[in-house]
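User: Can you walk me through this model? I'd like the helices and how they pack.
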Amino acid sequence: MTFSPAEADKILTDNFAPWVLTLGLTVQETGERHAVLRLPWSADLARDGGGLSGQAMMAAADTATVIAISAARGGYGPMTTVQQSTSFQRPVIDADVLIHVRVTKLGKRMAFADITLTPEGADEPAATASTVYALLG
């Protein structure tokens with residue numbers, strides 16, 4: 001059972017810290033074991049040189065993983081990040097980022113996911129990540 005992007009957006013507003021909400025993430029798509037979120041470009045998230053900060057992309061990937069795991073489980077439940085590994089491949093300048101999350105394993109206590117962060121309109125990702133989550137409830 002999955003849920004609509006609007007229902008997933010409600011998970012964001014109901015369960016995340018105010019500073020995460022300032023990223024402006026929106027859910028574009030959810031499926032049985034995946035989610036796609038949009039991180040809108042903001043100069044406020046840029047670092048020296050004008051590129052989107054890695055911290056913003058890592059927070060967006062982490063947050064998007066919660067949505068994908070929730071979609072795979074059929075609803076939100078308590079969970080926490082155990083591990084996240086991120087590799088940055090190229091800068092993002094003046095472009096929204098589409099965050100594609102695929103849940104690769106969903107167990108009773110742990111979930112694993114792969115994430116690709118691609119600037120809108122680009123063929124190559126700007127970053128990739130993998131996450132491990134503990135499912136608490």
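Analyst: Below are notes on one helix, one residue and one helix pair. The model is predicted, so local features need pLDDT of at least 70 and side-chain atom pairs pLDDT 80 or more, while totals for chains, interfaces and linings use all residues. Residues are numbered from 1 along each chain as its sequence is written, and side-chain values use heavy atoms, without hydrogens and water.

User: How far apart are the end C-alpha atoms of α3?
Analyst: They are 29 Å apart, which agrees with the 28 Å expected for the 20 residues of α3 (residues 54-73) at 1.5 Å a residue. That expected span is 1.5 Å times one less than the number of residues. Helices here are DSSP runs of H or I, at least four residues, numbered from the N terminus.

User: And how many of its residues are buried?
Analyst: In α3, 16 of 20 are buried, meaning under 20% relative accessible area with a 1.4 Å probe, protein chains only. Just after α3, G74 has a positive phi of about 85°.

User: Switching to A8. Where is it found?
Analyst: A8 is in helix α1 (residues 5-15). Its relative accessible area is 0%, so A8 is buried.

User: What is A8 in contact with, beyond four places in sequence?
Analyst: F3, V27, T30 and I67, where contact means heavy atoms within 4.5 Å.

User: Which residues meet between α1 and α3?
Analyst: A8, I11 and L12 from α1 meet T63, I67 and S70 from α3.

Definitions and conventions: Helices (H or I, at least four residues) and strands (E, at least two) are DSSP runs, numbered from the N terminus. Buried means under 20% relative accessible area, exposed over 50%, partly exposed in between (1.4 Å probe, protein chains only).
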